[in-house]
Each structure stands twice: as C-alpha cells, then as structure tokens.
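The following exercises concern salt bridges and solvent accessibility. Please work through each task before reading its solution.

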Amino acid sequence: MRKSRMALALASAFPIVLGYTFTGAAPAFAQPAEPSYAPVKELGVVTITGGQPTSLPTQIPTTIEGVTREQIEHSINATDSEDALKYLPSLLVRKRYIGDYNHAVLSTRASGTGNPARSMVFADGILLSNYLGNGPTNAPRWMLVTPEEIERVDVLYGPFSAAYAGNSVGAVVDYVTRMPTQFEAHGKVSFQHQPFDLYGTNATYAGKQVSASVGNKSGDWSWFLNFSKTDSEGQPLTFPTRLVSTGTVGNAGTPVTGAVPGNNRSNQPWYLLGTATQYHTQQDHIKAKIAYDFSPTVRAAYTLGWWHNESEGRPTSYLRDANGNAVYSGTVNINGRSFALAPTDFNVSNENLTHFMHGLSVKSHTKGVFDWEVAASLYDYQTDTLRAATVALPAALHGGAGRIANSKGTGWNTLAAKGTWRPDGVLGAHIVDFGLQRDSYRLRTVENATTNWINGNAGARNQAFNGDTQLLGLWAQDTWKIAPQWKAVLGARAERWSASNGQTGNASTTLSHPERNETYFSPKAAVAWQASDLWVLKASTGRAVRMPTVAELYQGGISGSGTLINNDPSLRPEKSWTTELTAERDMGNGLLRLTAFFERTKDALYSQTNVLVTPNVTNVQNVDAIRTKGLELSYQAANVFVRGLELGSSLTWTDSKITRNDKFPASVGKWQPRIPEWRATAVATYRPDATWSYTLGARYSGKQYSTLDNSDVNGFAYQGASRYFTTDVRVRYQITQQVSAAVGIHNLNNYRFWNFHPYPQRTYMAELKVSL
C-alpha cells in the first residue's frame with residue numbers, strides 16, 4: 001500500500017484535509033519517520049490506522065474533509081462544537097450567538113440554511129440531526145458535544161454512501177470524541193465580550209463558559225466524563241416593524257419618537273420599533289461514556305448525554321412618549337402616521353429544556369474476514385416548555401395571560417446492524433459493507449392558554465400537532481480494487497418509509513391524517529484512478545430520497561371550515577441525483593483539489609404560495625425541479641514560504657436555479673434560496689515554535705436570497721440574507737506543558753451581515769486551559 005509522501009507534513013496542516021483524515025497531529029516539526037497514526041492514502045481513499053474510528057465509510061473514493069483536536073485548539077475560536085466546521089469548503093453553520101441552541105442550522109453546497117434536513121450530523125455514530133422538521137428551529141443538537149471533548153471531525157460530501165439515508169444529500173458530519181488510553185483531566189474557562197450597535201441598540205453583550213473532563217483506562221474498562229456550563233447573552237435577533245405605507249395619515253395615537261427608518265428586504269420603507277428577541281441562555285451539559293473490551297477485537301460502549309437550558313427572551317422598545325417613557329402598546333403616531341401595536345409585538349418568553357441522549361454499541365474490529373456492529377440511540381425531549389406572554393409590556397414582566405408550548409415526549413431513536421465482509425482479507429480485491437437500519441421520529445406538541453405566563457397552569461388548548469415517521473433501510477456496497485491503479489465502489493439502498501398517527505388540532509377540532517407507506521431505491525457508485533504518483537482522479541454519483549419530516553406533514557393549522565391551512569400530509573419526498581468529479585494533486589507539502597459537482601432535485605420541499613388555487617395557499621409544497629452545478633477549489637499546505645506556516649483555503653462557485661415550479665411560476669429561473677454564487681475561506685496559522693501560534697482566518701459569501709422569487713433584493717436588512725466578508729484572529733500560548741492560554745477576535749473587521757437575523761458583530765474572546 002502506497003503511503004502519501006506528504007502525510008507527515010499535512011498531519012499538522014490546518015484545516016482542510018481532502019482525501020485524508022488525521023487521528024492525531026505530529027509533534028511540532030517532527031522529521032524523519034511517519035508516525036504509526038499517520039493516514040494512508042491509496043487511490044483517493046482514506047484509511048484510519050489508529051485512534052477512535054470514524055463512523056464514516058472511509059473506503060469510498062469521494063470528498064472527505066477533516067479537522068483534528070489540535071487544529072481546533074490552535075486555529076479556531078471555538079465556543080461551540082459547530083465552530084469546528086468554520087473553514088471547511090462550502091459549509092456554513094447559521095450560528096447567531098454563543099450557545100445558539102435552536103437556529104444553528106447547517107448549509108452545504110446545494111442546500112441553504114433553510115434546509116437542515118439535507119445534511120446529517122453524528123457524534124460517535126449517534127444521530128444529532130433533528131429530522132422532526134426542516135426549519136431553522138430544527139438545528140442539529142450541537143450542544144450535546146463540547147469543543148473540549150472533540151478528537152476530530154470528519155465530513156463526507158454528498159450522498160455517495162449507501163450506509164446513509166437521503167438526508168446525506170448535502171453532507172455527513174461525524175464528531176469523534178475523546179476516549180482515553182490512560183488517565184487524563186482537563187479544565188477550561190473562557191469569556192466573550194461583544195459591543196453591538198445596530199438600529200436603535202447600542203449595548204454590550206457578554207458570555208462565559210467553563211468545562212471540565214476526566215477519563216481513564218484500566219484493563220478492559222475505559223471511561224470519560226465531561227461537564228460544561230455556558231452563560232451567554234446574545235445580541236437582539238428580531239425587530240418589530242411597520243411599513244410606512246400601512247400607517248394612517250393623521251394625528252391619531254400617542255406621538256412617539258425613536259422609531260428607526262429604513263428599507264425592508266424588498267426595499268420598501270418601514271420603521272423599526274425596537275427589539276423583540278434578545279436571549280439570555282444558561283446551559284448545562286454532562287456527557288458520560290464507558291467502554292468495555294470483551295476481547296482485543298470486540299468492544300461495547302455506552303454514552304449518556306444530558307443537556308439543560310433555561311433562557312429568557314426580552315424585548316426593548318425604541319419608542320418614547322413626550323415624557324421619555326418607553327411605549328410598548330396602544331396606538332402610536334410616528335411622523336404624522338398612526339400605527340396600532342399588538343401586545344405580542346414586543347414578545348416576552350421563557351424556555352425550560354432538558355434533553356437526554358443515549359447511545360449503545362457493540363462492535364468488532366478484527367480487520368479480518370468479517371467484522372460487525374450493532375448500535376442503538378435515543379434522543380428524548382424530557383422537558384421542553386416555552387412560556388410566552390400575550391399581554392403587553394411592562395405588565396407582562398409581572399405575569400398575566402400567555403401561552404405554554406409543551407413538546408415533552410418528542411424525540412427520535414435509531415437501531416442499526418451492519419457488517420463488513422473481506423473475502424480475501426483486508427488487502428483483497430473486495431470489501432463488502434452491508435446493514436439494516438431503523439430510524440423513528442415522534443412529534444408531540446401542544447399549546448395551551450394560561451392566566452399567568454410565568455408560572456400558571458395550562459388552560460384551554462390553542463393548538464396541537466402529533467405525528468410519527470419511520471424509515472427502514474437495507475443497504476450494501478462493495479469496494480472493489482479492480483487493478484493496482486483503480487478502485488470502485490458500487491452500492492444500493494432500499495428504503496421503506498411510513499408516516500402514522502398524524503394529527504393537526506386547534507382549540508376545538510382535531511383532524512387525523514391517513515397513514516402512508518412508500519418504498520424507494522437509491523443506487524450509488526464511485527471510482528478512483530491513480531493516474532500518476534502525483535494525480536488522483538475520482539468520480540462519484542448517487543441518488544438520494546429525502547423524506548418529508550413530521551412537522552412538514554402535520555404542523556399547521558385548521559381554518560374555521562375545518563380544513564388544513566398551513567400543512568400538507570400528502571407531500572412527496574425530495575429526489576436528488578448528485579454527481580461529483582474530482583482531480584487531486586500531491587504538491588509535496590500540500591494538496592490541491594478541484595471538484596465539479598452537479599445536482600438535480602425533483603419535488604424539493606419549500607414553503608411557498610400556490611397561485612394555482614383560489615384563494616392562494618401558502619405552506620410547505622413540492623417545487624418541481626431545481627438544478628445546481630458548481631466548482632470547488634481547495635488547497636492546503638504546511639511550511640508555506642517559511643517553516644511553521646500552515647495554510648488552508650477554498651473557493652466555491654455555484655449556480656443553483658429553480659427550473660420548474662408550476663405552483664409558483666414567478667420563481668422559475670431564480671436562485672435557490674440561501675445559495676450564494678461565490679463562497680471562499682482562508683486560514684493561515686503560524687507556529688514559530690512549540691509555544692506560540694498565530695492565526696488569521698477569513699470567510700466570504702456573495703449575494704444570496706431568502707425568497708423563491710428573489711424579490712428580497714436588499715440583503716442588508718432585518719429578514720434579509722446578505723453577502724459577507726469576515727475575518728478572525730487567534731493567538732495561543734503554551735505557558736507550560738499543562739497550561740495554555742488563548743485570545744481571539746471573531747469578526748475582526750466588524751462586518752454587519754444578515755441571515756434573516758443579524759449575525760454577531762466584533763466579539764472578543766479569552767480562554768485558559770489546563771490539561772493533566
């Protein structure tokens with residue numbers, strides 16, 4: 001097996017490792033021999049030779065990215081686990097503030113931040129993606145992994161492995177967390193500080209985090225315990241507004257000042273009246289892992305994750321009456337136009353969430369003729385309560401009428417059995433992987449009125465949504481070494497999807513929906529050719545079927561006549577064909593990759609207005625066809641120009657257009673929402689010696705839209721989606737062998753940019769870490 005000439009050099013290069021996954025970093029400027037944990041590259045395929053195994057199918061010759069624990073520590077201001085993906089090509093996590101627990105969705109090459117169901121996120125093989133819905137509130141459960149416990153992160157681009165459901169159409173992300181081989185203990189404390197200036201807000205928001213972990217291995221037993229706490233104040237996220245044109249000309253209402261004039265995302269003049277959502281969140285996380293080796297080749301492992309969150313959403317009015325008092329309700333007069341304020345314009349809310357994650361697996365790793373694995377996981381909304389006022393401020397701060405949304409009993413569980421058959425041994429011509437999976441999702445949400453939104457009991461029902469979906473998958477794929485310079489993977493996945501127990505209810509009526517059962521087949525193929533010692537050429541193609549989520553099917557409303565108005569239980573699944581062509585060149589001290597990717601999707605799921613019916617209906621509907629094509633260029637290298645300078649960079653061009661949409665013809669020929677034409681990342685880390693590291697990173701995204709008809713031409717406004725260019729810096733100092741400190745600045749150039757909500761402005765960070 002041919003070892004890459006640059007494996008050792010890239011072991012310390014940050015962060016984009018195309019076709020490689022590193023299980024550990026080489027000692028600083030280590031010289032002669034490749035360490036035992038170095039990756040082996042053959043025909044564009046990754047083989048992990050040590051450390052915790054990834055759940056990704058590393059034998060598939062397609063684009064796989066990776067970032068290691070050491071790279072994260074030196075080069076990323078990581079306050080949450082999703083920050084590890086920050087500089088990987090074509091990926092974006094819509095993280096609005098530190099500890100963002102309900103909107104940090106993942107965007108990939110051909111899927112925007114409104115489509116989190118088109119990617120998969122795992123931690124040690126346990127599903128973190130939230131397929132109860134496909135909106136911003138259905139972000140992966142990133143908080144069940146802390147940056148300190150990450151050993152590395154691996155990313156598989158595209159639906160090219162039969163081992164994954166159609167949600168893999170964008171990317172599959174797997175966090176590999178620490179499992180000790182000897183006693184170890186770690187502690188970390190960090191602080192964040194964000195001055196924020198936007199519209200009528202000029203304030204400072206802060207956060208602090210503390211974490212500790214300890215683990216050991218003794219004989220056949222190993223264990224790891226991690227605790228973390230986050231106390232974070234985010235910047236304002238929403239803003240009550242009124243279009244100038246909707247105001248009634250005259251003298252009616254209380255004259256007020258302070259309204260901020262501006263243009264909305266469609267360039268219509270409006271007033272911004274204040275802030276409506278500014279979160280203060282306090283989160284606690286505990287992760288316990290235990291493993292037992294029945295033999296040198298069979299291990300059982302159990303993971304328990306507990307996450308608790310208490311958050312407050314508080315508003316601020318910009319409006320002031322003649323005496324300088326804040327105005328939150330009633331009829332107001334702004335520059336000769338009167339506007340009525342609703343009690344919920346300045347919304348007040350409290351959330352109390354406790355979620356549990358369980359994972360159990362037993363697997364063999366003989367690397368012989370046959371290996372097997374059985375794994376199960378459970379994610380449970382033990383407590384999930386939102387309380388919000390329906391009376392106006394300032395009275396609402398002391399109680400009063402409100403609503404309670406309760407999602408207790410919601411969650412998902414998975415069960416999988418898989419095997420690997422090597423009829424001719426690990427170096428033989430064929431390696432056959434196969435498996436059987438079952439994933440089940442359960443949505444239970446009820447909203448009740450209450451006489452006291454702070455601590456009152458639930459009263460009459462306002463609305464309720466129930467539903468279950470289940471996916472059974474049977475898959476197999478054969479990695480076939482056709483010749484010394486050729487390798488191919490042929491695979492297929494058969495799936496049986498069902499939806500049941502669907503109910504949509506309002507205060508007095510409940511509609512039950514019929515059960516559905518459907519079957520789909522998804523072939524996969526990939527091939528790699530070692531054209532020379534320096535060049536590898538690869539091609540991959542695969543079909544992906546992304547099933548509708550429970551919320552897309554059942555979470556809606558009922559009209560006065562008893563018909564559905566916001567959801568459609570007959571939605572068809574998305575069906576995509578994705579292809580990528582890749583050329584990789586070994587540059588000696590780095591790797592250069594060029595990938596062309598193509599995707600055609602039928603029946604894409606988007607919220608839109610159906611203009612074919614009267615009256616028009618707006619809900620989640622099937623968009624007939626979307627076509628995406630693009631190019632992705634990536635380069636990373638170590639010791640660039642000077643010894644110790646590591647460079648990673650990427651540039652992505654994408655053309656993603658709606659090609660057919662009979663229900664909303666105005667969208668045909670327009671850009672798919674939240675997919676910019678140009679994206680780029682660059683990060684440089686200079687490590688002159690074993691104690692200091694200096695990092696400068698940058699990210700760019702071009703113009704994008706949030707609407708299907710691209711009518712939101714003004715991205716630099718509340719509810720808009722703007723282009724951006726941001727830079728980050730980080731300096732880390734290894735004080736002693738056990739103690740390190742780091743300072744950093746996120747959004748150094750203080751760029752003001754939007755993805756419906758405003759992103760953070762310049763944020764200062766400092767951290768201290770101790771490891772034993």
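Is Arg752 buried, partly exposed or exposed? At 41% relative accessibility, Arg752 counts as partly exposed, because buried means under 20% relative accessible area, exposed over 50%, and partly exposed in between (1.4 Å probe, protein chains only).

The model is predicted: local features need pLDDT of at least 70 and side-chain atom pairs pLDDT 80 or more, while totals for chains, interfaces and linings use all residues. Residues are numbered from 1 along each chain as its sequence is written, and side-chain values use heavy atoms, without hydrogens and water.

**Exercise 1.** Characterise the contact between Asp197 and Arg752.

*Solution.* Step 1: the two side chains form a salt bridge at 3.9 Å, N to O, the criterion being a side-chain nitrogen of Lys or Arg within 4 Å of a carboxyl oxygen of Asp or Glu. Step 2: Asp197 belongs to strand β10 and Arg752 to the loop between β41 and β42, 555 residues apart. Strands (E, at least two residues) and helices (H or I, at least four) are DSSP runs, numbered from the N terminus. Step 3: Asp197 is partly exposed, at 34%.

**Exercise 2.** Analyse the salt bridge of Arg730 with Glu767.

*Solution.* Step 1: the N to O distance is 2.7 Å. Step 2: Arg730 lies in strand β40 and Glu767 in strand β44, so the pair ties together parts 37 residues apart in sequence. Step 3: Arg730 is buried at 5%, and Glu767 is buried at 18%.

**Exercise 3.** Place the pair Arg732 and Glu73 in its wider context.

*Solution.* Step 1: their side chains meet in a salt bridge of 3.9 Å. Step 2: strand β40 holds Arg732 and helix α2 holds Glu73, 659 residues apart. Step 3: both residues are buried. Step 4: the two belong to a salt-bridge network with Arg69, Glu151, Arg178, Glu184 and Lys769.
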